[in-house]
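Let's take a friendly walk through a protein model together. Have the sequence and the 3D view open as you read.

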Amino acid sequence: RRVKANPARPAFVGYLCSVILILAFTWLYTSLIGPKGYVFVGHRSPFAFAAPLSLFLAIRHMPLLRFRGLVLEIARCSFGIYLVHMIYVMILFKIGLYSALPSPWVAIPLCACIVFIASFATIKIAGKIPYLRRVAG
């Protein structure tokens with residue numbers, strides 16, 4: 001009898017590899033060029049494309065019984081999160097949070113968490129407004 005392979009494991013490994021490559025290349029770029037470089041987290045970076053795609057595939061194939069409600073709520077709001085997240089990225093750049101942090105190793109994950117939480121909260125609030133509910137999820 002054949003055991004079906006779970007695609008969550010290789011997808012999660014792909015996510016970890018993408019994140020490690022983003023961090024490593026950002027560190028290398030920063031140490032060689034001088035100023036903080038966020039070239040590898042930009043929308044043109046193949047790693048910035050591969051990381052969320054791999055994470056999406058990993059979560060999609062994981063048995064998330066304990067966190068099923070949260071995962072479904074995030075999935076329901078994902079289009080709205082996608083639509084508003086760049087507003088928060090620009091706000092963080094404007095207030096100088098990216099450049100104020102000591103290194104990309106801290107700045108990238110911290111800013112990503114702030115952007116995600118702020119975007120999710122915005123969509124949850126927008127979902128309570130009747131005309132925005134359709135877009136917000």
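## A word to know before we start

A residue is called buried when its relative accessible area is under 20%, exposed when that area is over 50%, and partly exposed in between. Take Phe116, which has a relative accessible area of 34% and is therefore partly exposed. Phe116 sits in helix H5. Keep in mind as you look around that this is a predicted model.

Which residues does Phe116 touch, once its neighbours within four places in sequence are left aside? The contacts are Ile74 and Ile81. In addition, the C-alpha atoms of Phe116 and His85 are separated by 7.0 Å, although these positions lie 31 residues apart along the chain when you count from one to the other.

## The overall layout

How many helices and how many strands does the protein have? The secondary structure comes to six helices and zero strands, and reading along the sequence gives the pattern α-α-α-α-α-α.

The protein has 137 residues, and 28% of them are buried. Its accessible surface comes to about 10,100 Å², with 72% of that belonging to carbon and sulfur atoms. Now consider contacts between residues at least 6 apart in sequence: 64% of these join residues at least 24 apart.

## Inside the protein

Next, look for the nonpolar cores. The largest one has seven residues: Val89, Leu92, Tyr98, Leu101, Ala107, Cys111 and Val115. Helices H3 and H5 are the elements that give two or more residues to this core, and the largest share, three residues, comes from H5. Leu92 is a good place to zoom in: leaving aside its neighbours within four places in sequence, Leu92 is in contact with Leu97, Tyr98, Cys111, Ile114 and Val115. There is also a second, separate core of five residues, which includes Ile81, Val84, Phe120 and Ile123.

Elsewhere, in helix H1, you can find Ser18. Is Ser18 buried or exposed? With a relative accessible area of 6%, Ser18 is buried. Setting aside neighbours within four places in sequence, Ser18 is in contact with Phe47, Ala50 and Ala51.

## A nonpolar patch on the surface

Now turn to the outside. Leu21, Phe25, Trp27, Leu28, Leu32, Ile33, Trp105, Val106, Leu110 and Ile114 make a nonpolar surface patch of about 920 Å². Helix H1 (8-33) and helix H5 (104-126) each supply at least two residues of this patch. Which helix gives the most to the nonpolar patch? That is H1, with six residues.

Leu110 is one of the patch members, and its place is in helix H5. The relative accessibility of Leu110 is 36%, so Leu110 counts as partly exposed.

## Charged partners

Side chains of opposite charge can pair when their charged atoms come close. A search of the whole structure finds two salt bridges. In one of them, the side chains of Arg76 and Glu73 meet at 2.5 Å, N to O. Arg76 and Glu73 are three residues apart in helix H3 (residues 68-95), so about one helical turn separates them. Both ends are partly exposed: Arg76 has a relative accessibility of 41%, and Glu73 has a relative accessible area of 21%.

The other salt bridge brings together the side chains of Glu73 and Lys124, also given as 2.5 Å, N to O. Because Glu73 lies in helix H3 and Lys124 in helix H5, this pair ties together parts that are 51 residues apart in sequence. Lys124 is partly exposed too, at 31% relative accessibility. Salt bridges that share partners join Glu73, Arg76 and Lys124 into one network.

## What about the cysteines?

A disulfide is a covalent bond between the sulfur atoms of two cysteines. To count as one here, the two sulfur atoms must be within 2.5 Å. By this rule the count comes to zero disulfides. Where is the nearest cysteine sulfur to Cys113? It belongs to Cys111 and is 9.4 Å away, and Cys113 is in no disulfide.

The surroundings of two cysteines are worth a last look. Cys113 counts as partly exposed, at 45% relative accessibility, whereas Cys77 is buried, with a relative accessible area of 1%.

Terms used
Residues are numbered from 1 along each chain as its sequence is written. This is a predicted model: local features need pLDDT of at least 70, side-chain atom pairs count only at pLDDT 80 or more; totals for chains, interfaces and linings use all residues. Side-chain values use heavy atoms; hydrogens and water are left out. Buried means under 20% relative accessible area, exposed over 50%, partly exposed in between (1.4 Å probe, protein chains only). Patches are made of residues with over 30% relative accessible area and no salt bridge: like charges are joined within 9 Å, nonpolar side chains (Val, Leu, Ile, Met, Phe, Trp, Tyr) within 5 Å. Accessible areas come from the Shrake-Rupley method with a 1.4 Å probe; for residues, only the protein chains shown count as cover. A salt bridge is a side-chain nitrogen of Lys or Arg within 4 Å of a carboxyl oxygen of Asp or Glu. Helices (H or I, at least four residues) and strands (E, at least two) are DSSP runs, numbered from the N terminus. Contact means heavy atoms within 4.5 Å. A nonpolar core is a set of buried Ala, Val, Leu, Ile, Met, Phe, Trp, Tyr and Cys residues joined through side-chain atoms within 4.5 Å.
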